[in-house]
Amino acid sequence: MTYLSTRNHRCSESAAAAITRGIAPDGGLFVPDSLPPISQEMLASWLPLDYRARAAAVLALFLTDFSHEELTQAIDAAYGANFDHPAIAPLRTVGSLHFLELWHGPTCAFKDMALQLLPHLMTRAAAKRGDTREIVILTATSGDTGKAALAGFRNVPGTRILVYYPKEGVSPIQRLQMVTEEGDNVGVCAVEGNFDDTQTGVKRIFSDWSIAERLDRQGMVLSSANSINWGRLVPQIVYYFHAYLELVAAGSVSMGERINVCVPTGNFGNILAAYYARGMGLPIGRLICASNANRVLTDFFQSGSYDRNRPFYTTISPSMDILISSNLERLLFDLCGRNDRQLAAWMESLRTTGHYTVPDAVCDRMRALFAAGTADENATRQAIREVFEREGYLCDPHTAVAVRVYEDYRQQTGDRTPAVIVSTANPYKFAGSVLQALGADGNGDEFERIDRLHRLSGLAVPSSLADLRCKPERFGACCTREGMENALLAMLGIGS
């Protein structure tokens with residue numbers, strides 16, 4: 001299988017090259033030349049497998065220049081004792097709801113599902129290509145990606161990992177997870193502004209050939225751990241197959257019966273993985289895109305016009321506080337018939353004016369696949385409280401957005417198709433917000449809040465979060481968006 005750039009279909013690379021590059025030279029995103037089809041018989045053959053074996057089966061279809069041995073070694077290294085549940089991604093049925101819990105990894109967020117695997121794929125990919133340069137992983141985060149990337153790449157030979165985060169745009173626990181990170185090859189820097197400012201700055205660095213040349217002279221090469229990197233996105237396809245097979249194994253659906261999927265969405269990578277799984281033949285009906293108060297995606301699916309020129313809201317679900325959803329580019333590439341010129345024109349319009357509008361034909365294709373809804377702050381808090389009071393199940397604010405949007409969808413459409421709600425983070429990462437939603441005292445420092453939430457809920461506190469109170473803060477740097485290039489060079493020890 002080869003990979004094309006969304007902005008120039010003549011740019012074709014192997015899986016190994018797409019993973020090590022991260023982003024195409026023209027600024028486009030790599031996509032597979034086709035989606036490998038999955039038959040119902042093949043799906044049934046995966047039913048008795050565990051998560052690791054299912055991952056190996058799915059990834060082998062996309063990463064065709066990796067051997068079976070290379071994939072299984074990488075998967076075994078990624079999903080082991082670092083996860084606190086033997087199922088890796090357990091499916092929890094709570095009343096009429098099915099939660100796919102993706103937060104049992106070392107950083108308590110769904111990003112671990114991909115970022116524990118990506119370093120193993122990337123270092124093997126570089127070796128395949130004979131590239132001996134040090135890989136510099138450059139990442140923008142709205143909260144969870146940063147810590148997951150730091151944990152995944154920490155002390156991996158031949159790599160460095162540098163993370164930028166919006167200074168006021170992450171939760172206290174998310175910030176502590178990053179600035180206390182151990183490891184000799186890691187760096188963290190705050191950025192004055194929101195996530196879109198941070199992400200735009202990182203994209204600008206990737207497109208600056210003078211920086212690439214300067215790093216090359218130092219024996220370094222940039223790559224990305226954001227979901228713009230195909231190696232970050234492809235592992236996410238796996239857990240939708242896993243969720244479906246777990247539903248079949250539990251007798252909740254019959255093999256071949258359709259399900260819906262509801263995903264709390266910011267940068268669009270998580271729900272895009274479900275779209276790809278559907279395109280391969282996984283029996284998914286509706287893809288329900290759940291947004292918080294930053295409802296740019298909801299408005300786009302409803303109107304066909306993408307407009308980032310709007311107020312930016314800092315919410316209790318900070319990983320979704322995004323106005324530029326990068327992975328939407330991959331979806332639009334498919335829906336416009338892989339017309340790279342048209343896609344490039346929309347992305348240029350987004351860059352220069354903050355706006356683009358797709359034609360009715362594209363809108364019709366989107367609406368046939370996707371539903372979209374929004375939960376504001378009050379609705380999010382209410383969902384946390386209602387699910388806990390009704391079922392004794394504790395949701396983080398991002399998962400709660402999906403719960404409320406899914407319940408609204410069912411009420412509006414009458415669609416009773418079994419559905420999976422993607423649960424993206426452990427509620428202790430947002431203890432203050434969860435406490436307030438439950439009507440409890442959300443004051444005090446973050447660890448007092450964690451202790452209070454533990455007493456209230458009885459839910460075990462992950463050791464990786466509890467241990468933060470004893471860790472010293474290592475990183476305190478802060479820069480403007482315009483100063484991110486200089487901050488990068490400083491973190492790498494390269495003179496300006």
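**Figure 1. Strand 10 and its parallel partners in the predicted model.** In this predicted model, Val261 of strand 10 stands opposite Val420 in strand 15. Strand 15 comprises residues 419-423, runs parallel to strand 10 and is joined to it by 3 bridges. Strand 11 (residues 284-291) also runs parallel to strand 10, and 5 bridges join these two strands. One contact with strand 11 involves Pro264, whose bridge partner is Ala290. Strand 10, helix 12 (residues 269-280) and strand 11 together make a right-handed β-α-β unit.

**Figure 2. Burial of strand 10.** Because 6 of the 6 residues of strand 10 (residues 259-264) are buried, the strand is largely enclosed by the rest of the structure. Ile259, Val261 and Val263 cover one side, while Asn260, Cys262 and Pro264 lie on the other; all are buried.

**Figure 3. The open sheet of strands 1, 2 and 3.** Three strands form an open antiparallel sheet in the order 2-1-3. Strand 2 (8-14) and strand 3 (30-32) stand at the edges with a single partner strand each, so one side of each has no neighbour in the sheet. From one strand to the next, the twist averages 40 degrees. Strand 1 (residues 2-5) and strand 2 run antiparallel and are joined by 4 bridges. Within this pairing, Tyr3 stands opposite Glu13 in strand 2.

**Figure 4. Aromatic pairs.** The whole structure contains 18 aromatic pairs. In one of them, Phe99 and Tyr393 are stacked, at 4.6 Å centre to centre and with 25 degrees between the planes. Phe99 belongs to strand 5 (residues 97-101) and Tyr393 to the loop between helix 17 (377-391) and helix 18 (397-413), so the pair ties together parts that are 294 residues apart in sequence. Phe99 is buried at a relative accessible area of 0%, and Tyr393 counts as buried at 7%. Phe268 and Phe301 form a tilted pair, with 6.1 Å centre to centre and 35 degrees between the planes. As Phe268 lies in the loop between strand 10 and helix 12, and Phe301 in helix 13 (residues 296-303), this pair ties together parts 33 residues apart in sequence. Both rings belong to one aromatic cluster, whose members also include Tyr3, Trp230 and Trp346.

**Figure 5. A charge over an aromatic ring.** The charged end of Lys128 sits over the ring of Phe66, at 5.3 Å from its centre.

**Figure 6. Helix 14 and the residue beyond.** Helix 14 (residues 328-335) is mostly covered, with 7 of its 8 residues buried. Among them are Leu328, Arg330 and Phe333. Just after helix 14, Gly337 adopts a positive phi of about 75 degrees.

Key: Residues numbered from 1 in each chain as written. Predicted model: local features only at pLDDT ≥ 70, side-chain atom pairs only at ≥ 80, totals over all residues. Heavy atoms only, no water. Pairing = 2+ DSSP bridges. Axes fitted to C-alpha atoms, helices over the stretch in contact; angles between N-to-C directions. Buried < 20%, exposed > 50% of the residue type's maximum accessible area, 1.4 Å probe, protein only. Right-handed = clockwise from strand over helix to strand, strands pointing away. Phe/Tyr/Trp six-rings, centres within 6.5 Å; stacked < 30°, edge-to-face > 60°. Lys NZ or Arg CZ within 6 Å of the ring centre and 35° of its normal.
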